[in-house]
Amino acid sequence: MELQKQEAQQSPSKRLMDKVAVITGGARGIGAATAKLFAENGAHVVIADVLDDLGASLAESIVGRFIHCDVSKEEDVESAINLALSWKGHVDIMLNNAGIGAIDGSITSLDMEHVKHLLSINLNGTIHGIKHAARAMIKGQKGGSIICTSSAAAIMGGLASHAYTMSKAAMDGLVRSAACELGVHLIRVNSISPHGVASEMLLSAFKRFEKVDITLEELKGHIGKRASLLQGKGATAEDVAHAALFLASDESSFITAHTFPIDGGYTSAVSHMS
Ligand code: NAD
């Protein structure tokens with residue numbers, strides 16, 4: 001253990017040495033990039049997702065574990081935490097990343113069943129993740145880092161549907177209130193707010209918004225201009241993963257109760273690119 005800690009301090013590429021991470025929505029996109037980066041940095045990773053084939057093969061490739069988990073079901077999230085505990089005996093990092101996008105049209109005709117469904121995943125899933133990770137971390141008495149994947153949509157209206165926007169804004173509120181309670185246990189709670197990552201989720205939203213049929217590769221080339229990003233290019237899933245790595249590592253040990261936009265400046269400055 002002592003040797004591992006020394007190694008972690010000496011090697012900047014092993015920043016999560018000996019830590020155990022649970023990542024919901026880790027089968028693809030931002031979650032998958034983060035699972036790989038965490039594993040490269042020495043973490044033992046449990047991927048919890050509804051996409052069984054993708055999740056299981058990624059888990060195998062990073063010598064991690066996969067569990068089928070629908071985050072809207074509390075018992076599934078609890079099982080993911082229990083898997084980490086029975087595998088390695090502790091949970092140090094929880095990334096509540098599972099989410100769905102949606103376009104729900106006008107506020108005047110909002111379909112409440114649709115809203116309920118989206119909130120059951122994006123918001124309730126996060127509540128389940130914070131609750132069960134915090135229980136395990138408090139019991140383990142070693143502190144921990146809980147990270148939630150929010151969105152720039154929580155900061156600026158009009159970027160996404162009403163249901164999605166409120167799910168992420170509520171998530172940021174929960175991050176702050178949970179951080180207040182858990183600080184005394186040295187458990188940090190933060191959120192990261194990406195914008196403009198060409199993922200399957202963004203692709204389906206884009207297709208419905210723009211009514212064009214493009215591939216994920218084409219979206220990657222397209223996204224910077226379409227999303228008015230300052231650098232004229234979109235983010236990669238790895239850009240977001242590196243922010244999560246910092247918040248998961250002990251380097252961010254005095255950072256809690258905050259929301260970090262990973263948006264190329266989008267929510268703070270106007271693009272002058274045509
Ligand atoms: P993605 O669709 O590639 O990834 C979402 C993952 O969540 C998938 O693996 C999916 O199977 C999983 N998932 C969906 N419903 C689930 C459920 N009920 N239980 C467990 N897993 C479930 O898209 P992404 O862009 O990588 O999204 C990851 C997160 O990033 C989401 O929370 C999303 O809201 C957020 N986000 C993305 C962007 C972006 O630009 N792509 C911007 C802001 C926020």
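Trainee: How many bridges join strand β4 to β5?
Mentor: Keep in mind that we're looking at a predicted model here. Strand β4 covers residues 93-96, and its pairing with β5 runs parallel. One position to look at is N96, which stands opposite C148 in β5. As for the bridges between β4 and β5, the count is four.

Trainee: And on the β6 side, which residue is the bridge partner of C148?
Mentor: Strand β6, residues 187-194, pairs with β5 in the parallel sense. That pairing runs over six bridges. In β6, the partner you want for C148 is S191.

Trainee: Which helix makes a β-α-β unit with β5 and β6?
Mentor: β5 and β6 pair in parallel, and the unit they belong to is right-handed. The helix in it spans residues 162-182. That's α7.

Trainee: How many of the residues of β5 are buried?
Mentor: β5 takes in residues 144-149 and is mostly covered. G144, I146 and C148 point one way, while S145, I147 and T149 point the other way, and all are buried. That fits the general rule that side chains in a regular strand alternate between the two faces of the sheet. So for β5 the tally is six of six.

Trainee: Why is β6 said to be largely enclosed by the rest of the structure?
Mentor: Take its two sides in turn: I187, V189, S191 and S193 point one way, and R188, N190, I192 and P194 the other way. Residues on both sides are buried. β6 is called largely enclosed because its buried count is eight of eight.

Trainee: Which residue in β7 is the bridge partner of I192?
Mentor: β7 is the strand at residues 259-262, and it runs parallel to β6. Four bridges join the two. The partner of I192 is F260.

Trainee: Is V22 buried or exposed?
Mentor: V22 is found in strand β1, residues 20-24. Its contacts beyond four places in sequence include V46, A48, I81 and A133. One more of those contacts is A84, 62 residues away along the chain yet with its C-alpha atom 7.2 Å from that of V22. V22 has 31 other C-beta atoms within 10 Å, and the cut-off is 20 or more, so V22 is buried.

Trainee: How does G140 come out, buried or partly exposed?
Mentor: G140 is found in helix α6, residues 124-140. Leaving out residues up to four places away in sequence, G140 touches H90 and V91. Buried would take 20 or more C-beta neighbours within 10 Å, and G140 has 17, so the label is partly exposed.

Trainee: How far apart in space are G140 and M112, C-alpha to C-alpha?
Mentor: In sequence these two are 28 residues apart. In space, the C-alpha separation is 40 Å.

Trainee: Which helices each supply at least two residues of the shell around the ligand?
Mentor: The ligand is surrounded by 29 residues, and the closest are G25, G29, G99, S199 and M201. By type, the shell divides into 13 nonpolar, twelve polar and four charged. The helices you're after are α2 (29-40) and α8 (200-210).

Trainee: What pLDDT does the protein average?
Mentor: For the model scores, ipTM is 0.99 and pTM is 0.95. Per residue, 93% score at least 70. Where pLDDT is low, don't read the predicted coordinates in detail. The protein's average pLDDT is 92.

How values were computed. Residues numbered from 1 in each chain as written. Predicted model: local features only at pLDDT ≥ 70, side-chain atom pairs only at ≥ 80, totals over all residues. Near = placed C-beta within 6 Å. Nonpolar A, V, L, I, M, F, W, Y, C, P; charged D, E, K, R; others polar. Buried ≥ 20, exposed ≤ 12 C-beta atoms within 10 Å, placed from the backbone. Contact = placed C-beta atoms within 7 Å. Pairing = 2+ DSSP bridges. Right-handed = clockwise from strand over helix to strand, strands pointing away. pLDDT = per-residue confidence, 0-100.
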